[in-house]
Amino acid sequence: MNKEEELKAIKQECFECKKCELGKTRNNIVFSDGNANAKILLIGEAPGADEDATGTPFVGRAGKLLSKLIDDCGLSRKDDFYICNTVKCRPPENRVPTDQEKKLCENYLLSQIKIVNPKVIVLCGATSAKSFLGDKLKISQIRGQWFKIFDKYDATVIFHPSYLLRNHSETEGSPRGLTKQDLLKIKEFILK
Ligand code: URA
């Protein structure tokens, strides 16, 4: 089986999943977007309303901003990224997924990471970063830093685009400016 086929089998399991309450209220499984052979695997928080309606991660306002920032840095969302979330179903009212929901969904995410086997994992936002790096960390302190996860994957942290939607400035040192800087570092890293 190639990567696409392996991922399709995991996605199929998600369609049948009712392990947590989110399975009862979802309209769609939001499994992934992008390229299974990409060097960058980006993990967001959870699907929102637009994602739940379409089955594709990061397609709403935050997603559009993420796509723009990726584009501005000369990367391709479609080719350079495999995009997914800590949970595959939308939490009602866009609340943060609970630890238990993340735990019950974890095996799907771990399978995605193992199959894609990226060169770098981008933890997008606090929920994603805390899932891998521990609850105590502050996103503003760890963004732009590099970590090893599972003793194997290089990982880095960026601000979540929903936060950037509330911060319009793109000047140096602003959250958007820093995110562009972080994405350029990621680009440099995958081209090495
Ligand atoms: N926010 C996320 O974290 N993920 C999505 O897919 C959409 C918005």
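Biologist: A residue is called buried when its relative accessible area is under 20%, so with that cut-off in mind, which residues of β4 are buried on its two sides?

Modeller: This is a predicted model, and in it β4 is mostly covered, with five of its five residues buried. Both faces of the strand are covered, and one side carries V120, V122 and C124, while the other side carries I121 and L123.

Biologist: How confident is the prediction, and in which helix of the chain is confidence lowest?

Modeller: The mean pLDDT of the chain is 97, and 100% of its residues reach 70 or more. Within the chain, confidence is highest in strand β2, residues 40–44, at 99. The lowest confidence, at a mean of 96, belongs to residues 139–142, which form helix α8.

Biologist: In what order do the six strands stand in the open sheet, and which strands are at its edges?

Modeller: The six strands form an open sheet with mixed pairing, and their order is β1-β3-β2-β4-β6-β5. A strand with a single partner has one side left without a neighbour in the sheet, and this is so for the two edge strands, β1 (33–34) and β5 (146–149).

Biologist: How many bridges join β2 to β4, and which residue stands opposite I121?

Modeller: The strands β2 and β4 run parallel to one another and are joined by four bridges. One pairing between these strands places L42 of β2 with V122 of β4 as its bridge partner. In another pairing, the residue that stands opposite I121 of β4 is L41.

Biologist: In which sense do β4 and β6 pair, and what is the bridge partner of V122 in β6?

Modeller: Strand β6 covers residues 153–158, and β4 pairs with β6 over five bridges in the parallel sense. V122 of β4, which has L42 as a bridge partner on the β2 side, has as its bridge partner in β6 the residue T156.

Biologist: Why is β2 described as largely enclosed, and how many of its residues are buried?

Modeller: The two faces of β2 are both covered, with I40, L42 and G44 on one side and L41 and I43 on the other. Because the burial takes in the full strand, β2 is largely enclosed by the rest of the structure, and the count of buried residues is five of the five.

Biologist: Which residue of β3 stands opposite L42?

Modeller: The strands β2 and β3 pair in the parallel sense, and five bridges link them. In this pairing I40 stands opposite F81 of β3, whereas L42 stands opposite I83.

Biologist: T86 is in the loop between β3 and α6, so is T86 buried or exposed, and which residue's backbone oxygen does its side chain reach?

Modeller: Under 20% relative accessible area is the cut-off for buried, and T86, at 3% relative accessibility, therefore counts as buried. Not counting residues up to four places away in sequence, T86 touches ten listed partners, including I43 and G44 as well as K102, C105 and L109. Its side chain reaches, at 2.6 Å, the backbone oxygen of E45.

Biologist: Does the end-to-end distance of α6 agree or disagree with its expected span, and at which residue does α6 bend?

Modeller: The 18 residues of α6, at 1.5 Å a residue, should span 26 Å, and its end C-alpha atoms are 24 Å apart, which agrees. The buried residues of α6 include E101, K102, C105, Y108 and L109. The helix bends by about 45 degrees, and the bend is at C105.

Biologist: Which residue with positive phi follows α6, and is that residue buried, partly exposed or exposed?

Modeller: The residue that follows α6 is N117, whose phi is positive, near 50 degrees, and N117 is found in the loop between α6 and β4. Since its relative accessible area is 42%, N117 is partly exposed.

Biologist: What is the phi of N94, a residue other than glycine?

Modeller: The place of N94 is in the loop between β3 and α6, and its relative accessible area of 44% makes it partly exposed. Although N94 is a residue other than glycine, its phi has a positive value, near 60 degrees.

Key
Residues numbered from 1 in each chain as written. Predicted model: local features only at pLDDT ≥ 70, side-chain atom pairs only at ≥ 80, totals over all residues. Heavy atoms only, no water. Buried < 20%, exposed > 50% of the residue type's maximum accessible area, 1.4 Å probe, protein only. Expected span 1.5 Å × (residues − 1). Bend = angle between axes of the 7 residues up to and from the residue. pLDDT = per-residue confidence, 0-100. Pairing = 2+ DSSP bridges. Polar contact = N/O pair within 3.5 Å; in protein donor to acceptor, adjacent residues only side chain to side chain. Contact = heavy atoms within 4.5 Å.
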